[in-house]
Amino acid sequence: LKELAEQNSRISTVTADVTTPEGIAAIVTAVETAGGVDVLVNNAGYGVFGAVEQISEDTARAVFETHVFGPLAIIRAVLPSLRSRRGRIINLSSELGAYAWRGAGVYCGSMGALELISEALSLELAPTGVTSTAIQPGTYGTGFIANAVVETPSEVYAPSVGTQLAKIGQLGPDAVGDPQDVVEAILFAADAANPPLRLAVGVEALTTIRESLQKQLRELDAV
């Protein structure tokens, strides 16, 4: 972004921690300086891997601060501007906001919370013309996995969590997608006349989310 800002005087960058009041204030100031906001993209996030039992309370709270409470604070702060412009809210979730992996329960919980907040916003803001979309990417070639917080599984969780984390660690370049696909999805959600509530990105996400929904339907039908 800094490189783009150097090339285009209409682009400005702000470094802000979305989990702090100071960070939110900096973002609000930037919006006011720009004269308003048309599209809000909540993209801050990082991975947390480990058995649910073994993830510390501090680690769990921190990831929810970043994935849930930070976006909530930003949304609340800029909604007046978005309403005046019939703008767009785009929340970067994950395929793991729709179902859970072994070894990613806390992360999945934060993504699921963000997705349901996105859905509620879509319903509540519909009369105002503001839309809300949750982007659900699969696995892409970014620094997400390399920079994740990882809790080594104990012996109890080695067969389940340990096996899953080993599979993730062995992913090669051919197993992940081009991040440009996610960029295109964001641009689509920002520009479409009627953007979807959820937008899965990539074959992996489409396949696994569909399988999860089909399983849920089978369970509902079996009751």
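**Note on the predicted model**

1. From the N terminus on, the elements of the protein chain follow the order α-α-β-β-α-β-α-β-β-α-α-β-α. In total the secondary structure comprises 7 helices and 6 strands. The chain has a radius of gyration of 18 Å, close to the 17 Å that the globule rule gives for 223 residues, so it is as compact as a globular protein of that length. The model is a predicted one, and the points below should be read accordingly.

2. Overall dimensions and packing. The C-alpha trace spans about 55 × 40 × 35 Å along its principal axes. Of the 223 residues in the protein chain, 35% are buried. Among contacts with a separation of 6 or more, 74% are between residues 24 or more positions apart.

3. Surface and charge. About 12,800 Å² of the protein chain is exposed, and carbon and sulfur atoms supply 55% of that area. The chain carries 14 positive and 25 negative charges, and the mean positions of the two sets lie 7 Å apart.

4. Strand β1. This strand covers residues 39-42, and its side chains alternate. Leu40 and Asn42 point to one face and are buried, whereas Val39 and Val41 point to the other and are not. An asparagine, Asn42, thus sits on the buried face together with Leu40. β1 pairs with strand β3 (residues 88-92) in the parallel sense, over 4 bridges. Within that pairing, Val41 has Ile90 of β3 as its bridge partner.

5. Strand β6. Residues 198-201 form this strand, which has Leu199 and Val201 on its covered face and Arg198 and Ala200 on the uncovered one. β6 runs parallel to strand β4 (residues 131-137), and 4 bridges join the two. Leu199, from the covered face of β6, stands opposite Ile135.

6. Val68. Which helix holds Val68? Val68 belongs to helix α3, residues 57-85. Is this residue buried or exposed? Val68 has a relative accessible area of 6%, and a residue counts as buried under 20%, so Val68 is buried.

7. Surroundings of Val68. Leaving aside residues up to four places away in sequence, Val68 touches Val63, Ser110, Ala113, Leu114 and Ile117. Val63 is, like Val68, within the 57-85 range of α3. Ser160 is 92 residues from Val68 along the chain, and the C-alpha atoms of these two residues are separated by 27 Å.

Conventions: Residues are numbered from 1 along each chain as its sequence is written. This is a predicted model: local features need pLDDT of at least 70, side-chain atom pairs count only at pLDDT 80 or more; totals for chains, interfaces and linings use all residues. Side-chain values use heavy atoms; hydrogens and water are left out. Buried means under 20% relative accessible area, exposed over 50%, partly exposed in between (1.4 Å probe, protein chains only). Two strands pair if DSSP finds at least two bridges between them. The radius of gyration is taken over C-alpha atoms; the globule rule is 2.2 Å times the number of residues to the power 0.38. Contact means heavy atoms within 4.5 Å. Accessible areas come from the Shrake-Rupley method with a 1.4 Å probe; for residues, only the protein chains shown count as cover. Lys and Arg count as positive and Asp and Glu as negative; His and the chain ends are not counted. The place of a charge is taken as NZ of Lys, CZ of Arg, CG of Asp or CD of Glu.
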